[in-house]
Structures are given as C-alpha cells and as structure tokens.
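Colleague: Could you take me through one part of this model in some detail? I would like to hear about the salt bridges and how they sit in the fold.

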Amino acid sequence: MTDKRDVSGVWYGRFAGTFGVYPNRFIAHLEEVGGSISGTTSEPDDFGDAGVLNAYVSGARDGDAVRFVKQYDGAAHCAHSVDYSGTIADDGTEITGEWRFGRFSGQFVMARENFEQELLAEERGVALDADVEAR
C-alpha cells in the first residue's frame, strides 16, 4: 500500500510572516524517495524585477513530520535559504507549519488535490469504468 503522506507531486502553497513579510504564494514540485525530499519552488517576485523567484528544496519526512530547506537560486535578488517545518495531514493533501529565516518567521500552508478514482467517481456521480467503456 502506498503511503498517502508521501510528498511527491505538485503543491500549491501560501506563506505570511512577521516584520513586514508580505503574504505570497508558491508552487512546489517535490519528490520523496525513502523519506528524503528534493524538488523546486517558484513564486512571484512581488518586490523585484525578476518576475519569478526560483528555489531548490531538500529535506526529509518522518511520519507526519516534514522538514525542508528552500534555497533560492540567486538568479534574482534572493540567494538566501529558508527553513520550513510542518505536519502533513493523514490523507496527504495538506502540509501546515512554520518557516524561519534569520529574524523573520511565519506560517505556511501547502495543498494538493487527491485524485483517487473512487473520489472522482463520487463527485461526478458515475462510475469511471462505465464512462470509459462507453467511448
């Protein structure tokens, strides 16, 4: 059986913080292998002229505990790293927690959709197999 808390996939996130850190959003492409997490993030550059800020992600998941470092690639005006620590929901669709960079800190949330066949069939009110066979 596959662990629903495996973080592999596409995540849509938001973060906000203290000391003038304005809320922002990001997309994370993550891969988990044996508890190790790697991937990338992209987020709007609301205060620079880069358009998009890109970063690399590395970390780990142990049960429901998720920790990773987001290291900006330095191509724009950001070259620092941010530590993230959170908890993934049992169904694997949401991670919530805190981020920290020097004296700055705040909250984050990441979400993904759960596209299990049974759930999709319930949403549509039809069996997926019947729909496919009818074509």
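Modeller: Happy to; here is a walk through the barrel, its salt bridges and two residues beside them. A word on the ground rules comes before that: this is a predicted model, in which local features need pLDDT of at least 70 and side-chain atom pairs count only at pLDDT 80 or more, while totals for chains, interfaces and linings use all residues. Residues are numbered from 1 along each chain as its sequence is written, and side-chain values use heavy atoms, with hydrogens and water left out.

Let's start with the frame. Eight strands close into a barrel in the order 1-2-3-4-5-6-7-8, with antiparallel pairing. Strands here are DSSP runs of E with at least two residues, numbered from the N terminus, and two of them pair if DSSP finds at least two bridges between them. On average, neighbouring strands of this sheet are turned by 30° against each other, direction ignored; the axes behind that angle are lines fitted to C-alpha atoms, and angles run from 0 to 180 degrees between N-to-C directions. As a general point, strands of a sheet pair through backbone hydrogen bonds, either parallel or antiparallel. Strand 3 and strand 4 run antiparallel and are joined by nine bridges. For G39, the bridge partner in strand 4 is V57.

Now to the salt bridges, each being a side-chain nitrogen of Lys or Arg within 4 Å of a carboxyl oxygen of Asp or Glu. The count by this rule is four. One of them joins D3 to R61, with the closest N and O atoms 3.0 Å apart. D3 is in the segment before strand 1 (9-17) and R61 in strand 4 (residues 52-62), so this pair ties together parts that are 58 residues apart in sequence. D3 is partly exposed at 33% relative accessible area, whereas R61 is buried at 12%; the cut-offs are under 20% for buried, over 50% for exposed and partly exposed in between, using a 1.4 Å probe and protein chains only.

R61 also forms a salt bridge with E32, where the closest N and O atoms are 2.9 Å apart. That pair links strand 4, where R61 lies, with strand 2 (residues 24-33), where E32 lies, 29 residues away. E32 is buried too, with a relative accessible area of 10%. Taken together, D3, R5, E32 and R61 are linked in a network of salt bridges.

Another salt bridge connects E43 and K70, whose closest N and O atoms are 3.0 Å apart. E43 belongs to strand 3 (residues 36-44) and K70 to strand 5 (residues 65-72), 27 residues apart, and both are buried.

K70 brings us to T41, a residue of strand 3 that is buried at 3% relative accessibility. Contact means heavy atoms within 4.5 Å, and, not counting residues up to four places away in sequence, T41 touches F26, I27, A28, L53, N54, A55, V57 and K70.

Last, back to the surroundings of D3. G92 sits in the loop between strand 6 (81-88) and strand 7 (94-101) and is buried, at 1% relative accessible area. The C-alpha atoms of G92 and D3 are separated by 8.4 Å, although the two residues are 89 residues apart along the chain. Neighbours within four places in sequence aside, G92 is in contact with K4, R5, W11 and R112, and R5 is one of the residues in the salt-bridge network described above.

Note on methods. Helices (H or I, at least four residues) and strands (E, at least two) are DSSP runs, numbered from the N terminus.
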